[in-house]
Amino acid sequence: MRFRIGWYPGGLVLALGAMLALGQSIGGQGLSPSPLSPSAGSRPQAPPARFLCGDMVAATAQSQGESQPRLPQSYQTEHFVIHYTAGPTSAHSPALDDLDQDGIPDYIELLGRSFEQAWTFYTTPSPQGMGYPLPPMTPGSRYPVVVYALAGGYSGLTWPDSKSGRRATSHISIDAHLYDPYVRQVAAHEFFHAVQFGYNYTASLWWREASADWAAHQVFPDVDTYIIPYYDWFQVPGWSLDYTDRWHEYGDSIWAEQLSETHGRDIIRSIWLNQRGENDSLKVIAQTLGSSGTTLAAQFRDFAAWNWFTGDRADGAHYKDGRLYPMIAPADHPADSMASFADTVQPLGSDYLALVPPHGAATAAPTPCGGAAGSAPVRTGEVIASPLARGLTLRLTAADGLDAQLILERLDGGRITVPFTGGRYHAAGFEQSLRRVVAVLSNGDTQVKHAFSGSIGLGVVYRDQYGYVWDLELSPTGAVRGTVDVGDKQPWPVHGQINGSSFHWRAVNPNVQTSWTTGLDVTAPVPDGPGASIRWTNDSGRSDAWIGALVDGSAPTSRLVNRRGPAQP
Ligand SMILES: [Zn+2]
């Protein structure tokens with residue numbers, strides 16, 4: 001059974017304005033002057049609710065100490081002792097409902113069962129359980145839990161007690177008024193902190209919370225309160241993974257989930273093992289991924305792509321419960337509405353630029369160019385189409401440390417993820433066959449923010465028989481503007497026109513030197529036909545057939561086939 005978020009208002013604490021203000025001051029940065037407003041921006045509204053777990057090692061204001069009320073009652077399970085008060089007028093007393101009339105409030109028994117389930121699942125060897133050692137405890141005693149009305153909006157707290165090196169015994173405080181099933185997640189979450197304290201109680205805060213929320217979900221897969229922080233998290237994918245505001249770090253459990261689904265659940269335990277000698281969890285995760293044959297940057301790149309495949313976009317090939325998750329929803333930019341863009345990406349942040357065909361441009365017309373994509377030569381009759389079959393050209397310069405990918409969303413609902421390499425990509429048939437192209441920029445660097453910039457064109461990209469790359473933008477009226485890489489130091493500008501069934505464009509050498517001609521023309525004869533050839537003629541008087549193949553994919557600068565192309569005299 002699944003539970004809706006609205007079911008837990010009593011179990012969750014309403015947003016605290018100060019935290020939100022802090023979050024917004026971080027999230028609002030990063031956009032340079034450009035028409036781009038990617039999804040990495042600030043949180044538009046308050047989250048509906050806020051789960052606070054205290055982990056008293058690093059917690060700030062509350063770290064002075066715990067002030068427990070008097071808790072005269074106790075209830076023992078196999079491994080736990082739960083202290084509480086049953087005073088009927090005490091604010092610290094849980095609901096005293098006692099269905100089985102055994103003298104123990106149902107709330108306390110539910111906590112007992114939940115802690116025992118967590119104990120069993122965490123400590124049973126993998127793969128039936130998770131294979132963790134018992135948490136550090138006082139020999140001969142049960143693990144102590146105290147239940148009362150926690151101050152400061154906390155649902156649960158795990159307190160290190162007797163410390164030895166990076167290890168610590170602990171006890172747990174649980175709020176007396178949580179709702180089921182949330183209360184079960186809180187119990188499992190807090191007890192995972194106790195397990196963590198067997199490795200390193202001073203590991204990075206964000207990872208302690210992320211892995212605890214993830215672990216609780218392993219114990220109680222039917223409880224989906226772990227998704228609540230995702231609603232905020234998915235609004236700010238540009239924020240650094242390790243950024244903490246007492247909320248974002250809970251959403252980071254999706255990172256643990258992605259690690260677990262791609263490398264197996266035991267990788268989380270491996271990370272905690274490696275955490276024994278190092279406090280910085282990012283270092284430890286990078287080291288652990290290295291032992292698994294990948295890198296933190298590559299994992300984060302894949303993570304950024306996975307995060308697109310949630311909610312309505314879940315396809316079964318990414319998060320197994322992805323259909324339950326919220327979605328990243330950047331503004332759609334009609335591709336003719338922006339010529340250039342620039343932005344920066346925070347360390348371990350990601351940025352999504354969503355491009356859609358111009359409004360009203362897509363038609364049901366067949367797409368001759370799209371059909372010819374790949375390597376087949378383009379014949380005269382295929383270049384001309386009305387409406388023009390324009391593709392999307394994306395040109396991108398990204399700093400080292402940034403990874404770029406494209407997610408191509410077809411009209412039929414299919415989605416594929418492709419790497420963006422070589423600085424330029426052409427998605428043929430964009431206006432006719434694609435719903436959206438999403439550029440995903442991810443920063444795999446843990447310390448430095450990185451910049452990217454680029455431009456967008458609607459048109460065609462050809463590679464001809466000489467290796468020249470023609471990057472041509474087509475206006476709806478058929479005007480041609482663009483460049484051609486002929487192997488010269490810079491691309492040559494191109495202008496021309498496509499009209500009905502004829503076309504002409506001309507490339508001009510912008511900086512004439514003796515080894516190059518001053519310009520060249522490419523024309524299709526009129527009338528055309530399937531057998532009609534396209535010809536080039538250069539200013540030095542040479543002429544021959546022009547055979548261009550439409551590019552559908554990466555279109556890096558030219559790889560010259562020979563040096564006797566039309567750019568030579
Ligand atoms: Zn916690």
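This is a short talk on how one chain is packed, going from its overall make-up to its core, two of its helices, a central group of strands and a few unusual backbone sites.

Please keep in mind throughout that this is a predicted model. The chain has 569 residues, of which 46% count as buried, and its secondary structure consists of 13 helices and 25 strands. If we take the contacts with a sequence separation of 6 or more, 66% of them are between residues 24 or more positions apart.

Let me begin with the core. The largest nonpolar core holds 133 residues, and those that touch the most other members are Leu111, Val145, Val147, Ala187, Ala188, Phe191 and Val438. Helix H3, which covers residues 182-196, is the element that gives the most to this core, with nine residues. Where does the core lie with respect to domain 1 and domain 2? Domain 1 (21-324) and domain 2 (332-554) both contribute residues, so the core lies between them. As a general remark, nonpolar side chains tend to be buried together in soluble globular proteins.

One residue of H3 deserves a closer look, namely Ala187, which, leaving aside residues up to four places away in sequence, touches Leu111, Ser114, Phe115, Ala118 and Ile174. Several of these partners bring us to helix H2, where Leu111, Ser114, Phe115 and Ala118 are among the buried residues, together with Tyr107, Ile108, Gly112, Trp119 and Tyr122. Seen down the axis of H2, the buried residues fall within an arc of 165°, and they therefore line one face of the helix. The cover over them includes strand S2 (73-76), S3, S4, S6, H3 and helix H4 (205-219). As a check on the geometry of H2, its 18 residues at 1.5 Å a residue should span 26 Å, and the end C-alpha atoms are indeed 26 Å apart, which agrees.

A second helix, H7, covers residues 253-263, and its buried residues are Ser253, Ile254, Trp255, Ala256, Glu257, Gln258 and Leu259. Here the cover includes H4, H5, H6, helix H8 (266-274) and helix H10 (296-306). H7 is followed by Gly264, which has a positive phi near 95°.

Now to the strands. Strand S9, residues 350-356, is mostly covered, with seven of its seven residues buried. Which residues of S9 are buried on one side, and which on the other? Ser350, Tyr352, Ala354 and Val356 are buried on one side, while Asp351, Leu353 and Leu355 are buried on the other, and both faces are thus covered. Strand S7 (residues 332-334) is joined to S9 by three bridges and runs parallel to it, with His333 standing opposite Leu355. Strand S15 (residues 434-443) is joined to S9 by six bridges in an antiparallel arrangement, and there the bridge partner of Tyr352 is Val440.

A further strand, S12 (residues 402-410), contains Ala404. This residue counts as buried because it has 23 C-beta neighbours inside 10 Å. Ala404 and Leu441 are 37 residues apart in sequence, yet their C-alpha atoms are 4.7 Å apart in space. Not counting residues up to four places away in sequence, Ala404 touches Leu396, Ala398, Phe420, Ala439 and Leu441.

I will finish with the backbone sites. Most residues other than glycine have a negative phi, and most peptide bonds are trans. Against that background, a cis peptide bond joins Ser126 and Pro127, with omega about 10°, and Pro127 sits in the loop between helix H2 (106-123) and strand S4 (143-148). Another cis peptide bond joins Asp180 and Pro181, again with omega about 10°, and Pro181 is placed in the loop between strand S6 (167-175) and H3.

There are also two positive phi values to inspect in residues other than glycine: phi is near 50° for Gln101 and near 70° for Arg246. Gln101 is found in the loop between strand S3 (80-84) and H2, whereas Arg246 is found in the loop between helix H5 (228-233) and helix H6 (248-251). Is each of these sites buried or exposed? Gln101 counts as exposed because it has 6 C-beta neighbours inside 10 Å, while Arg246, with 20 C-beta neighbours inside 10 Å, counts as buried.

Key
Residues are numbered from 1 along each chain as its sequence is written. This is a predicted model: local features need pLDDT of at least 70, side-chain atom pairs count only at pLDDT 80 or more; totals for chains, interfaces and linings use all residues. A nonpolar core is a set of buried Ala, Val, Leu, Ile, Met, Phe, Trp, Tyr and Cys residues joined through C-beta atoms within 7 Å. A residue is buried if 20 or more other C-beta atoms lie within 10 Å of its own, exposed if 12 or fewer, and partly exposed in between; C-beta atoms are placed from the backbone. Helices (H or I, at least four residues) and strands (E, at least two) are DSSP runs, numbered from the N terminus. Domain bounds come from an automatic or database domain assignment. Two residues are in contact if their C-beta atoms, placed from the backbone, lie within 7 Å. Two strands pair if DSSP finds at least two bridges between them. The expected span of a helix is 1.5 Å times one less than its number of residues. The arc is that of the directions from the helix axis to the C-beta atoms.
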